[in-house]
Amino acid sequence: MRIVSLAGGIGGARFLRGLKAAAPGSEITVIGNTGDDITLFGLRVCPDLDTVMYTLGGGINEEQGWGRDGETFTVKEELAAYGMEPQWFGLGDRDFATHIIRTQMLAAGYPLSQVTEALCDRWRPGVRLLPMSDDRTETHVVVADDAGRRAVHFQEWWVRLRASVPAEQIVLVGAAEARPAPGVLDAIRDADLVILPPSNPVVSIGTILQVPGIRAALEDKTVVGVSPIIGGAPVRGMADACLTAIGVETSAQAVLELYGSALVDGWLVAEEDKGVALDGVTVEARPLLMSDPTATRDLAAAALALAQSLR
């Protein structure tokens, strides 16, 4: 079976681990969000691609869900001693190696898709990991605080400000000029089904869908999504702040309507949200908490079963 999944962040990466367990032997292509990418200390950092790569490759810090296991922060501490900014983004010593290699390869002219493939040669994540685009895009957030009205990189709003300053607007800079990375549209075209994990619907899945051509390609496929909202609250993270910024209610119903029936054919919700409905979409209630590997595998299996029934 050929499966495509869109993913960004911790929830998406953990769901993919369950998807691998639920569909052994399947060919899984993951299209990763690159809107979170940022340049720090002269190095190109791709947080969502790395979180997927480390999680599926066995190198993730399981407790926090991002960064490397067994990490140390000597370089970060030395940079801080020199007064280098930003000090709010914590790159670990092991993690630095990944970003150094990526930056050197990009500077040598390799596109991000080839760089990602090279990095995955080490980690063997068991999926084909593709960036949504080789073109540079960055998610920026317009905020208004004591410093005035300004745009900041998404990472600054998310990590430093903890989304505590309300966002007036969330913009994917470079989206209009971006093209899907090589292999992305082919993977979607050849897929038997597509799964949208419980990733952030605005700055993870929503970002990928903004790359011209990707949403249109997905609308021709059988797509099943897993709600990232349970009983009016995000499963994890601050997706509610992102939804508020685009004028969308924090609910499983509102996120389904945000995606729309042209995109989504099936939608998994928690038991407390079983009243969710949208014409043209099959909605099923299932336990959504990925509390352990078995629960995560069962959730992925439920998504696959619904997708297969709708094909």
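Exposed, in these notes, means over 50% relative accessible area, buried means under 20%, and partly exposed is in between. I am working from a predicted model.

**Entry 1. Arg189 and Asp186**

I started with Arg189, which has a relative accessibility of 53% and is therefore exposed. Its side chain meets that of Asp186 in a salt bridge, with 3.2 Å from N to O. Asp186 has a relative accessible area of 41%, so I noted Asp186 as partly exposed. I then checked where the two residues sit. Both belong to helix α7, residues 184-190, and they are 3 residues apart, about one turn of the helix.

**Entry 2. Other salt bridges**

I ran the search over the whole structure and got 16 salt bridges. I looked up several of them.

Arg160 pairs with Glu156 at 2.8 Å, N to O. Why are Arg160 and Glu156 separated by about one helical turn? They are 4 residues apart in helix α6, which covers residues 154-160. I also asked whether Glu156 is buried or exposed. Glu156 is buried, because its relative accessible area is 18%. Arg160, at 38% relative accessibility, is partly exposed.

Arg150 bridges to Asp145, and their closest N and O atoms are 2.7 Å apart. I noted Arg150 as partly exposed at 24% and Asp145 as partly exposed at 26%.

I also recorded a network of salt bridges that links Arg2, Asp192 and Arg311.

**Entry 3. The β6-β7 hairpin**

The Asp145 lookup took me to strand β6, residues 138-145, which runs antiparallel to strand β7, residues 148-153. I found 6 bridges joining β6 to β7. The two strands form a hairpin, with 2 residues between them. For a register check I took Ala144, which stands opposite Arg149 in β7.

**Entry 4. The parallel sheet**

Next I traced the open sheet. It has 7 strands in the order β5-β2-β1-β9-β10-β13-β14, and the pairing is parallel. Which are the edge strands? They are β5 (128-131) and β14 (282-285), each of which pairs on one side only. I get an average twist of 20° from one strand to the next.

Within this sheet I looked at one pair in detail. Strand β1, residues 2-7, runs parallel to strand β2, residues 27-32, and 6 bridges join them. Leu6 has Ile31 in β2 as its bridge partner. Helix α1, residues 9-22, packs on the sheet and touches β1, β2, β9 (193-196) and β10 (223-226). The direction of α1 makes about 165° with that of β1. I noted a second helix as well: α2 lies across β2 and β5, and runs at about 175° to β5.

**Entry 5. Ser26**

I looked up Ser26 in the loop between α1 and β2. Is Ser26 buried or exposed? Its relative accessibility is 17%, so Ser26 counts as buried. I left aside its neighbours within four places in sequence, and found Ser26 in contact with Met1 and Ile3.

**Entry 6. α2 against α5**

For helix pairs I recorded two values, because two packed helices are described by the angle between their axes and the distance between the axes.

Helix α2 and helix α5, residues 112-123, pack at an angle of about 20°, with axes 10 Å apart. That makes α2 roughly parallel to α5. The crossing of α2 and α5 is right-handed. On the α2 side, the contact is made by Leu49, Met53, Tyr54 and Gly57. On the α5 side I listed Leu112, Thr116, Leu119, Cys120 and Trp123.

**Entry 7. α2 against α4**

Helix α2, residues 47-57, also packs with helix α4, residues 93-107. What is the angle between α2 and α4? I have about 125°, with their axes 12 Å apart. That makes α2 oblique to α4. α2 passes α4 in a right-handed crossing. The residues that meet are Asp50, Met53 and Tyr54 in α2 and Asp95, Thr98, His99 and Arg102 in α4.

I noted that Met53 and Tyr54 of α2 appear in the contact with α5 and again in the contact with α4.

Definitions and conventions:
Residues are numbered from 1 along each chain as its sequence is written. This is a predicted model: local features need pLDDT of at least 70, side-chain atom pairs count only at pLDDT 80 or more; totals for chains, interfaces and linings use all residues. Side-chain values use heavy atoms; hydrogens and water are left out. A salt bridge is a side-chain nitrogen of Lys or Arg within 4 Å of a carboxyl oxygen of Asp or Glu. Buried means under 20% relative accessible area, exposed over 50%, partly exposed in between (1.4 Å probe, protein chains only). Two strands pair if DSSP finds at least two bridges between them. Axes are lines fitted to C-alpha atoms, for helices over the stretch in contact, and angles run from 0 to 180 degrees between N-to-C directions. Angles under 35 degrees count as roughly parallel, over 145 as roughly antiparallel, 65 to 115 as roughly perpendicular and the rest as oblique. A crossing is left-handed if the near helix is turned anticlockwise from the far one by less than a right angle, and right-handed if clockwise. Contact means heavy atoms within 4.5 Å.
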